[in-house]
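Here is a friendly walk through the strands, helices and contacts of one protein model. Keep the viewer open and follow along.

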Amino acid sequence: MIIRNVTVIDGIGGTPRAGMDVLVADGRFTDIRPSRTDTSAAPTGEPVLDGRGGWLLPGLWEAHTHLRDYGMSLPAPERFAHLKEVLAGYLAEGVTSVCDLGGMPELSPELRDASRADAAMASLFTTEAAFTGIDGWPVTGLVGHRSGVMEVGDADDARRLLQGVRLGEVDYVKCMFDSRPGGGRRLPPEALEVIIAAAHQAGKKALVHIATGTDLREAVRAGADCIEHSPLPRDPHDLSEAEQLAALMAEAGTLYCPTVATWEQLAYGADPEYLDQLIADGILTPDGAEEIMARRTYGRPFPKHPADECRIRFDHAMRTLPLFHEAGVTLVAGSDIARVMPTPARALLRELQLFARAGVPNSAVIAAATGHAAEKIGRLRTRGTIAVGSVADAVLLDADPLADVSHLVHRRHLRAVVSSGRIASP
């Protein structure tokens, strides 16, 4: 295929290149060159996607979600088919890659294989190697079924459990390093170091869920590749802690996936005015708002995350996102939940809106949802960018997302989605 006459945005912050033809073969980008003056089909007969002066950028990535949340309420025989539909729904909105951060070992391997074989679904990346402390997050207080995480009491526990994990077969390793008051025992720092070292020895990235600034510091020092979630600040009115954390992460090269859409939903999701705001921002329709209010979870408190605390976490994350960016920390976009969103893909698009609203430059917002997300799981050499040799996942827009991120968020600007070199959604 040839994608003709587009402005190429590479997804890693390079200068946009206008008037380019992008060639695709065997599911990968094979050439990026100045557009031909004629509009005929290619001599070798490849199909032509006429960009007509549009903007081509890498397919978007959802870098932090939990697909289990979108299927576990269904009867077990229905879950797999439903989650395939969820991945197809991501692709229809321009999200070509999805990172599930644990919690679905009974379905993840088969679903991941199905997504790689079917160009009509977003590609799934996942792990069955997720670790927490004894009775730690997210199993704190849970009675009965605890699949999806391994509870670790000390470094020897970590070594024993790692012997049963085929690290070569997972996409990354996830650790819950959460010191929230009232929770179970936190994963011990020495055990965290053992797990991260084993992940790195196997060539895998270690993604670490944190709750506080102390968690973040210790996770960075243990070798975490990406911090998941923004921390709860010691003092919401004092930015000095965030400045110190940003400097530490920038020096270590640790990536940051703050999931601000999570805190916004948990803070304001029960307020009808919030749904009105989502409608005004193009994330939601009035009919969609009615559907959300009819959900059984609507308006219910979220376990272990009080709304008042989430407001603090959201407001502080929004104030400090530009600070982390300016310090040189690589930002990654992930939404975590879609509790008050019409679809999981819309939750990611909300995350991008919030990044831009916080003051992150549009080029960095795009990189956070493309190249930086691929970098987070060690796939930037082959995915997440428009470059020769990279997997040909892309979205074609009719307006410039560097001028306004809303051009990326609003579906009316989406002209085509390309998945592994095939037009998946015209």
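Which residue takes a positive phi in the hairpin of β2 and β3? In this predicted model, that residue is aspartate 26, with a phi near 55°. The hairpin has 2 residues between its strands.

**Strands around β1**

The two arms of that hairpin are β2, residues 17-25, and β3, residues 28-34, which pair in the antiparallel sense over 6 bridges. One point to look for is leucine 23, whose bridge partner in β3 is aspartate 31.

β2 also pairs with β1, again in the antiparallel sense, over 4 bridges. β1 covers residues 2-8 and is mostly covered, with 6 of its 7 residues buried. Two further strands pair with β1 in the parallel sense: β4 (residues 48-50), over 3 bridges, and β5 (residues 55-58), over 2 bridges. In general, strands of a sheet pair through backbone hydrogen bonds, either parallel or antiparallel.

The table collects some residue pairs to pick out in the viewer.

| Residue | Partner | Strand of the partner |
|---|---|---|
| Isoleucine 2 | Valine 48 | β4 |
| Isoleucine 3 | Valine 22 | β2 |
| Valine 8 | Leucine 56 | β5 |
| Leucine 23 | Aspartate 31 | β3 |
| Valine 98 | Leucine 124 | β8 |

**The sheet of β6, β7 and β8**

The last row of the table leads to an open sheet of 3 strands, in the order β6-β7-β8, with parallel pairing. At its edges stand β6 (60-65) and β8 (123-125); each has a single partner strand, so one side of each is left without a neighbour in the sheet. On average, neighbouring strands here are turned by 20° against each other, direction ignored. Strand β7, residues 95-100, is joined to β8 by 3 bridges, and the two run parallel. Within this pairing, valine 98 has leucine 124 in β8 as its bridge partner.

A helix joins the picture here: α1, residues 76-92, packs on the sheet and touches β6, β7 and β8. The direction of α1 makes about 135° with that of β7.

**Two helices side by side**

Further along the chain, what is the angle at which the axes of α5 and α6 cross? The value is roughly 15°, and the axes come within 10 Å. Angles under 35 degrees count as roughly parallel, so α5 is roughly parallel to α6. The crossing of α5 past α6 is left-handed.

On the α5 side, the contact involves Gly213, Leu216, Arg217 and Val220; these meet Glu241, Gln244, Leu245, Leu248, Met249 and Ala252 in α6. Sorted by class, the contact has 6 nonpolar, 2 polar and 2 charged residues.

**Alanine 224**

After α5 (213-222) comes a loop that leads to β13 (226-228), and alanine 224 is found in this loop. Is alanine 224 buried or exposed? With a relative accessible area of 5%, alanine 224 is buried, because residues under 20% count as buried. Leaving aside residues up to four places away in sequence, alanine 224 touches Ile196, Ala206, Val208, Ala219 and Thr254.

One last distance links this loop to the hairpin where the tour began. Alanine 224 and leucine 23 lie 201 residues apart in sequence, and their C-alpha atoms are 37 Å apart in space.

Note on methods: Residues numbered from 1 in each chain as written. Predicted model: local features only at pLDDT ≥ 70, side-chain atom pairs only at ≥ 80, totals over all residues. Heavy atoms only, no water. Pairing = 2+ DSSP bridges. Axes fitted to C-alpha atoms, helices over the stretch in contact; angles between N-to-C directions. Contact = heavy atoms within 4.5 Å. Buried < 20%, exposed > 50% of the residue type's maximum accessible area, 1.4 Å probe, protein only. Parallel < 35°, antiparallel > 145°, perpendicular 65-115°, else oblique. Left-handed = near helix turned anticlockwise from the far one by under 90°. Nonpolar A, V, L, I, M, F, W, Y, C, P; charged D, E, K, R; others polar.
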